[in-house]
Amino acid sequence: MILVDFAWLIPAAVLAALTLEVLIYIVMRFSRAPLPIAASQHGGESPDGGEAPDAHAAQAAQAEHGNHSTHSTHDDHGGHGGSTPFWAQLCSWIGIAGLLGAFGLSIALLVEFLQNPVVGPGGTHLLTAGRFIHLYDWFNFGNLTYPIDFRVDSLTVIMLVVVTGVSLLVHIYSTGYTRGDPGYARFFIELALFTLSMLILVLAANLLVIFIGWELVGLSSYLLIGFWFYHAPPPRGSELPYPPPAQVKAFVTTRLGDFGFMIGILILFFQTGTFNFVALNTATLHVDKSLITIAMILVFCGAVGKSAQFPLHTWLPDAMAGPTPVSALIHAATMVAAGVYLVARLFPIYAQAAGPQAFEVVGYIGAFTALFAATIALTRYDIKGVLAYSTISQLGYMFVGLAVGDSNTLGMYHLFTHAFFKALLFLGSGCVIHALVTAQDAHGVQDMRKMGGLAKFMPVTAICFLIANLAISGIPPFSGFWSKDPIIGTAWDKHDYIIYGMTLFTAFLTAFYMFRLFFMTFGGKGGAFGGLWGGRDQYRGDAHPHESPLSMTFPLMVLAAATVLIGLAGFTGLNQGFAWFLNSGVNVSFAVTPGLDLLTLFGVGAGVLGIALAWLMYGLGIVPATAFTSNPIGAFVHRVLYNKYYLDDLYALIVKYIALGLANLAALFDKYIIDGIVNGSAKAVRSLGSLTRRTETGKLQNYGAALFGGAMIILLIIFFATGAIGK
Amino acid sequence: MHVDLASIAFWVIAIVLVGASLAVVLQRNIVHAALALIVVFGAAAGIYILLNAEFIAIVQVLIYAGAVTILILFAIMLTQHSMGRNSNPFSTQWWLAALICILLGGGIIYAVGHSVMAIGTATSPVLLAGEGSGVGGTVVRLGQLLYSPFQYSYVLPFEIASVVLLVAIVGAIMIGREEEE
Amino acid sequence: MGVSLQAFLVLGAVVFCIGLFGALSKRNAVSILMGIEIMLNAVNITLVAFASSFLHQQPKNNPLTGQIFAVFIITVAAAEASVALAMIIAIYRRRNTIDVGEINLMRW
């Protein structure tokens, strides 16, 4: 009996927290006023009142106060006016406590795995064997069993640490970010559900359980993206997504991929008779290679949907409609990581059982998505929009890493580092949005054109953001360098020059758009350090920016520290250790160890070039941004990019004309064939009735005629039957 | 074919009976039809006498030819605006009624001639009036069967029939009388 | 011995059908009643003929069932005729007609 056998306590802790929160919520909700649903009398202004009936008035007064007062730095309630009742705060505390327990257990598990005790007979080490936890059999069907099992191995442990860690920080951050929101308690319930779903997903020992977790993640992301479902829709032409359609879009789009995933699972199951990952690794070796290739590509379809790869990426930018902590959670640790985790989990099947085409598909889609999303990110003005496309781009990197690597280490290491700096970026942007609450934008300004020079107002946020920016740009010694550069380098080493070119160019674009974001938000022409550290003069909006409360900056600092520490630890060979750990104690080296060779130079150089270009354009203002868009070709490219390659419009057209056309056909079928049968039978009976009704004349003689006519017929029948007539 | 008095009487009465029945049905004047009905009843009484059922014949004359016919004539008198021609019209479904009646009658006659059940008895002779000396009519025997309280008889149904008649009288009075406002 | 039971039965059938035709095809209610009376008489003829047939086989202590039946039929027919005529008169008083084509209270 060792600690790892109690790994089920991790989701159980979250589940317990979730249950308690739901109970409190159910009990307390009855005494609360309903949510302030956006109504027409509010006009364009989105209502965001508190629980109290006079919250609107209070908020309006607060906004007024903010407009006339010059020092509103203590106004850390932001646009989320109203107070948070005690019972709602209790929900958040319970959630944090549960997550704290889960995180502690995860760390303890990590430590135990690092100690690597002997667990099995014959001196098997824990790291090599992993640990199998059978929970129960869902049902038995003939001699097929459908078990609900957990399995803990090094991959799971890493994911557990990442998920619980990021989720814990997001919980802490959310206590500040959603303070005073009318849905405060509901928010923490949905966060806990989201975390629980992801924990089930990463603990899964077979495809059945992973699919359950997969769908639960989809459900909870649906709930969280639409958390502000009662907000008024954004004005026309805005880049901002509107929550209700965004949540449906996320749900439906990922469902398209899930369809392929499910077919893939079924192919694997029918070919091998098992869902279990370990059993599948060997079982699939004896099955037709091309079939496994098809199955694995189909499974990748699920990952494409969940991890927002081209062409199913469109839901992710819209998922920004959710509160910013949710965006951090979705994009860093949970939802989008699920696809990468799935491919990493099935890596042995991809690498050995399936043909090379499977990983070629993964690699090219990943590389293309990385480049594709990066180009769109160049044109975004919505701060969260840039980050959303950068997430898609980085997820593409992860898939490239999985596809070109000798093991799943490359992709997983980038997932690991990305989880921290992307969470940092999103939480930082949340601080910015939270700080910029005006009377017009009660939920905070997201348009970067209304920002600038914020570094002076919120230095902690700016520093943390800068660290994350350097990490995602692949600048040593930050963590992103150690995970991203090997991916690009391995692509070269594996002679995938197309992928290499795409990823390298993407690295340049990434650095450019990330620093474009930074300069537009925190810096500006005329700021300190050549525009990097902008001042109050550079601010273009009309809000009163302020630093966020400690509950919000603390997670930022933790994540920034993690980013720096992981980066610095790279010099001591952390990535090698990670590879060793992830490969069950077998020494697998990174194909490229970053060092002072030409490949690394190119990789870092692309990042530096991007930063330099952004500095020139937005920091120093030497090269105007219009230099690229003033000529016709540039303008055309800009328009295409700004409209996201018109993919959303294309999908809208497809839905409008093809899907709705088919639906209308089905409706016609329903109306005329199905309803026709139903109504037709009724009509037939009715017409039969009106026909036979005529016999009921009410005249005695007709009845008499029928009586004796019937007797006559019976008589004739008897004659015929006895053979009296017609012999 | 052996011709005797009974046969002649039967055929005469039968022809009169059928003819009078047709007259009842086909007469356009309802009063003429009612008068033909008396002939029908009389002819039927003749048949009963021919069949050694003297009591039935007398009752037939008394009740049918007497009472019922008078009732019918009174009803005609009370309900008819004019006693003229076409007071006894056919309905539109007369052809259907004719078809049914012809087929039904044909069926019954065919059954009488060919039925396995009837074949043994139908051709058997009947005891006609004047035959079977010593029988002395059936009136005494019928009286014993109907009224005798001491031997096997139909006295109880007979009494019930009298109750039915009483109820019918009361009912007829109730239905037929003027409604008081 | 010239007339067999069959002849009486055929006579009864013919008269019965004539009466039935009258009951089914006439519009005057009284006429319909007359048709019914003819039908009852036809049935009586048949019953009495059967009774006589059995009387021929068993002259002494014959149960005379046919004749008994005929007596009851006559009794009930008299009651029926009286009630039916009373109804006809009542209907006539209300509707001023006894044309059964216009009396359709039983219509759905």
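This briefing walks through the three chains and then looks at a helix pair and two buried residues in chain A. The model is predicted. Chain A has 727 residues, chain B has 181 and chain C has 108. In chain A the secondary structure comprises 28 helices and 2 strands, whereas chain B has 7 helices and 0 strands and chain C has 3 helices and 0 strands.

**Chain A overall**

- Of the 727 residues in chain A, 56% are buried.
- Contacts in chain A that link residues at least 6 apart in sequence are, in 78% of cases, between residues at least 24 apart.
- The exposed surface of chain A is about 28,800 Å², and 70% of that area comes from carbon and sulfur atoms.

**Chain B overall**

- Following chain B along its sequence gives α-α-α-α-α-α-α, in keeping with its count of 7 helices and 0 strands.
- Buried residues account for 40% of the 181 residues in chain B.
- For contacts in chain B with a separation of 6 or more, 57% are between residues 24 or more positions apart.
- Chain B presents about 9,800 Å² of exposed surface, with 74% of it supplied by carbon and sulfur atoms.

**Chain C overall**

- Chain C reads α-α-α along its sequence, matching its 3 helices and 0 strands.
- Of its 108 residues, 63% are buried.
- Within chain C, 60% of the contacts between residues at least 6 apart in sequence connect residues at least 24 apart.
- Chain C has an accessible surface of about 3,900 Å², and carbon and sulfur atoms hold 66% of this area.

**A helix pair in chain A: H5 and H13**

- Helix H5 (residues 154-177) of chain A packs with helix H13 (residues 335-345) of chain A at an angle of about 165°, and their axes lie 11 Å apart.
- Because angles over 145 degrees count as roughly antiparallel, H5(A) is roughly antiparallel to H13(A).
- The two helices, H5(A) and H13(A), make a right-handed crossing.
- On the H5(A) side, the residues in contact are Leu155(A), Thr156(A) and Met159(A); on the H13(A) side they are Ala337(A), Tyr341(A), Ala344(A) and Arg345(A).
- Sorted by class, this contact of H5(A) with H13(A) has 5 nonpolar residues, 1 polar and 1 charged.

**Phe300(A), a buried residue in H10**

- Phe300(A) sits in helix H10 (residues 289-306) of chain A.
- With a relative accessible area of 2%, Phe300(A) is buried, because that value is under the 20% cut-off.
- Beyond its neighbours within four places in sequence, Phe300(A) touches Val343(A), Tyr350(A), Val361(A), Val362(A), Ile365(A) and Phe399(A).
- Phe300(A) and Val340(A) are 40 residues apart along the chain, and 9.2 Å separates their C-alpha atoms.

**Ser429(A), a buried residue in H17**

- Helix H17 (residues 409-435) of chain A is where you will find Ser429(A).
- The relative accessibility of Ser429(A) is 0%, so this residue counts as buried.
- Apart from neighbours within four places in sequence, the contacts of Ser429(A) are Thr324(A), Ile383(A), Lys384(A), Leu387(A) and Phe465(A).

Notes
Residues numbered from 1 in each chain as written. Chains lettered and ligands numbered in written order. Predicted model: local features only at pLDDT ≥ 70, side-chain atom pairs only at ≥ 80, totals over all residues. Heavy atoms only, no water. Helix = DSSP H or I, 4+ residues; strand = E, 2+ residues; numbered from the N terminus. Buried < 20%, exposed > 50% of the residue type's maximum accessible area, 1.4 Å probe, protein only. Contact = heavy atoms within 4.5 Å. Areas by Shrake-Rupley, 256 points an atom, 1.4 Å probe, with all protein chains shown as cover. Axes fitted to C-alpha atoms, helices over the stretch in contact; angles between N-to-C directions. Parallel < 35°, antiparallel > 145°, perpendicular 65-115°, else oblique. Left-handed = near helix turned anticlockwise from the far one by under 90°. Nonpolar A, V, L, I, M, F, W, Y, C, P; charged D, E, K, R; others polar.
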